[in-house]
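Hello,

Here is the structure I promised to pass on. Have a look at it first, and then read my notes below.

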Amino acid sequence: KLTPDNVFTTLSYIGGVLNTNDPIIDAVGNLYGVTSDVAGKVYRVAPDGTTTTLYQFTGGDDGSLPIGSLYMDPKGNLYGTTYYEGGGAGCVFKVLNDVN
């Protein structure tokens, strides 16, 4: 978090390598993104710093190493892509979001 006075505060430590091109913020201030730790995960950081893993990839048919931007539909569901999946090519994923 960065205030208008340039005061920096760490809200949460996510772990893994973050894909810095894709974090998105919803209407209530939750931040969403992906990491490439192990097989990768989709996470949410609430304005108070509470961090939730929304999905942990297994590296199987569900894919691994999410890359690129996340997209959120009007219902709050998240969409993205992975670099790998069980067959070797990437996949498109959808994570249902119960917050919005």
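Leaving aside its neighbours within four places in sequence, which residues is Thr81 in contact with? They are Pro66, Ile67, Cys91, Val92 and Phe93. Please keep in mind that this is a predicted model.

A little more on that residue: Thr81 lies in strand E6, which covers residues 78–84. With a relative accessible area of 33%, Thr81 is partly exposed, because that value falls between the 20% and 50% cut-offs. Its C-alpha atom is separated by 9.1 Å from that of Ser64, and the two residues are 17 apart along the chain.

Next, the core. The largest nonpolar core has nine residues in all: Tyr32, Val34, Ala39, Val42, Phe57, Leu70, Leu78, Phe93 and Val95. At least two residues of this core come from strand E2 (31–35), and strand E7 (92–95) likewise supplies at least two. In soluble globular proteins, nonpolar side chains tend to be buried together. Phe93 turns up twice in these notes, as a member of this core and as a contact of Thr81.

Finally, two backbone details you may like to check. Asn6 is not a glycine, yet it has a positive phi of about 65 degrees. Asn6 sits in the segment before strand E1 (24–25) and counts as exposed, at 63% relative accessibility. Leu65, also not a glycine, has a positive phi of about 55 degrees. Leu65 belongs to strand E5 (residues 64–72) and counts as partly exposed, with a relative accessibility of 25%.

Best wishes

Key:
Residues are numbered from 1 along each chain as its sequence is written. This is a predicted model: local features need pLDDT of at least 70, side-chain atom pairs count only at pLDDT 80 or more; totals for chains, interfaces and linings use all residues. Side-chain values use heavy atoms; hydrogens and water are left out. Helices (H or I, at least four residues) and strands (E, at least two) are DSSP runs, numbered from the N terminus. Buried means under 20% relative accessible area, exposed over 50%, partly exposed in between (1.4 Å probe, protein chains only). A nonpolar core is a set of buried Ala, Val, Leu, Ile, Met, Phe, Trp, Tyr and Cys residues joined through side-chain atoms within 4.5 Å. Contact means heavy atoms within 4.5 Å.
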